[in-house]
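Visitor: Could you walk me through this one and tell me what each label rests on?
Guide: Sure, here it is.

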Amino acid sequence: MNTILYIVTILMLILSYRRDAGRTKKALQKSWNAFSAILPQFLVVILLVGVMLTLMDADTILAILGSDSRWFGVLLAAVVGAVTLIPGFVAFPTAAMLLQGGAGYMQIAAFISTLMMVGIMTLPVEISYFGKRLALYRNLMAFAFSFLVAYVIGLVEALV
Amino acid sequence: MKTIVIRYRVLIIVLLAVGISSIFDPPFARSVTSLTFAQLKEMLLVIPPIFILLGLLDSWVPKEVMVRYMGEGSGVKGVVLAFLIGSAAAGPLYGAFPVAAVFMKKGVKFRNILIFIGAWSTTKIPMLLFEISSLGARFALTRLLVDIPGIIIIAHLLSLLISKEDVRILYERAELK
């Protein structure tokens, strides 16, 4: 996937440079300005993720997600997903492992859903672009919505 | 120098805290450091091309074009485009916010920006394929089918909850970025 992203970017850059070298330089200047403006916050997020992943390894998450199979377990799973920030390529295999380890489908669905849609760690970054109120509302709604996702997946998986 | 210290003050504080923890709990600090570097590698791989594409989009695509396809009155076309662009994305959610800022600058309708953020957060195509292979097609596709209307409804509710004035301020601020 990254390869596609790089191929597209390089092609666009070449195309842009051929059309207008000066304009391309200005575009890259804009890219750099936007990047350097947000870089300090990105680095803080990354460092906090390092701290969090150290405190919450797969065993800890399993202990929390497997602890209660009812709605309280779903709530715990949703909270864990909301406060953690794990890249997808780590999250999905971990979730599969948790399922095999005895966690329920509803808990896993709530965890995956809040993990992707709710970002407590990235809230400061989100606030700087969208303002406090909107960032809070968006995260709250996504959090609530994750219970619906958990419920539907619980229904569908129970059908089989 | 002074401005750099101010801009990086939070980072410096967190770094100091990790540094101090290395005295009391070296394994903890070591684990934090190695995980941070793993994440940093991932970030440096995905984020630069996103910002380069952003810069190119900003200087080559005229506002009128973006407004026509995704602005007020773009209707279903705008919603579908917001979904497609968000779903084709790569990288973590925090990469979506700078893109949203450029969309504001280009006059993309606020609801479509929220749909784009929702799609980027949870219906990314590369991630979907990965989800199918680890959690099964039933799980992944059920989630996708619930997420698509969910994203649209959340975007709708949010744009109703936020006043026009607040949106105008956000768009003005994006102009300066």
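Visitor: What distance separates the centres of domain 1 of chain B and domain 2 of chain B?
Guide: Taken over C-alpha atoms, the two centres are 32 Å apart. The domains are residues 1-44 and 61-176 of chain B, with bounds from an automatic or database domain assignment. A word on ground rules: this is a predicted model, where local features need pLDDT of at least 70, side-chain atom pairs count only at pLDDT 80 or more, and totals for chains, interfaces and linings use all residues. Residues are numbered from 1 along each chain as its sequence is written, chains are lettered from A and ligands numbered from 1 in the order in which they are written, and side-chain values use heavy atoms, with hydrogens and water left out.

Visitor: Why is Glu126(A) called buried?
Guide: Buried means under 20% relative accessible area, exposed means over 50%, and partly exposed is in between (1.4 Å probe, protein chains only). Glu126(A) has 1% relative accessibility, so it counts as buried.

Visitor: And what makes Glu172(B) partly exposed?
Guide: Its relative accessible area is 44%, so Glu172(B) falls in between the two cut-offs. Glu172(B) is found in helix α10 of chain B.

Visitor: Where does Glu126(A) lie, and what is it in contact with?
Guide: Glu126(A) is in helix α7 of chain A; helices here are DSSP runs of H or I with at least four residues, strands are runs of E with at least two, and both are numbered from the N terminus. Contact means heavy atoms within 4.5 Å. Leaving aside neighbours within four places in sequence, Glu126(A) touches Gly131(A), Ala135(A), Arg138(A), Asn139(A) and Phe97(B). Gly131(A) sits just after α7(A) and takes a positive phi of about 85 degrees.

Visitor: How do you know that the buried residues of α7(A) line one face?
Guide: The buried ones are Leu123(A), Val125(A), Glu126(A), Tyr129(A) and Phe130(A). Down the helix axis they fall within an arc of 160 degrees, so they line one face; the arc is that of the directions from the axis to the C-beta atoms. Their cover includes α2 and α8 of chain A, plus α6, α7 and α10 of chain B.

Visitor: What makes a set of residues a nonpolar core?
Guide: The members are buried Ala, Val, Leu, Ile, Met, Phe, Trp, Tyr and Cys residues joined through side-chain atoms within 4.5 Å. The largest core has 98 residues, and Leu65(A), Ile108(A), Phe111(A), Phe130(A), Tyr94(B) and Phe110(B) touch the most other members. Helix α2 of chain A gives the largest share, 11 residues. Beyond four places in sequence, contacts of Ile108(A) include Leu65(A) and Phe139(B).

Visitor: Why is one space called a cavity and another a pocket?
Guide: On a 1 Å grid over the protein atoms alone, a cavity is a set of points where a 1.4 Å probe fits but cannot get out, whereas a pocket is an open set with protein on both sides within 12 Å along at least five of seven lines. There are 3 cavities of 30 Å³ or more, and the largest holds about 80 Å³. The largest pocket holds about 820 Å³. Grid points are joined across faces, edges and corners, and a volume is the space filled by probe spheres set on the points.

Visitor: Which residues line the largest cavity?
Guide: A lining residue has an atom within 4 Å of a point; among them are Met117(A), Arg138(A), Leu114(B) and Ile151(B). In the largest pocket, α1(A) gives the largest share of the lining, 7 residues.
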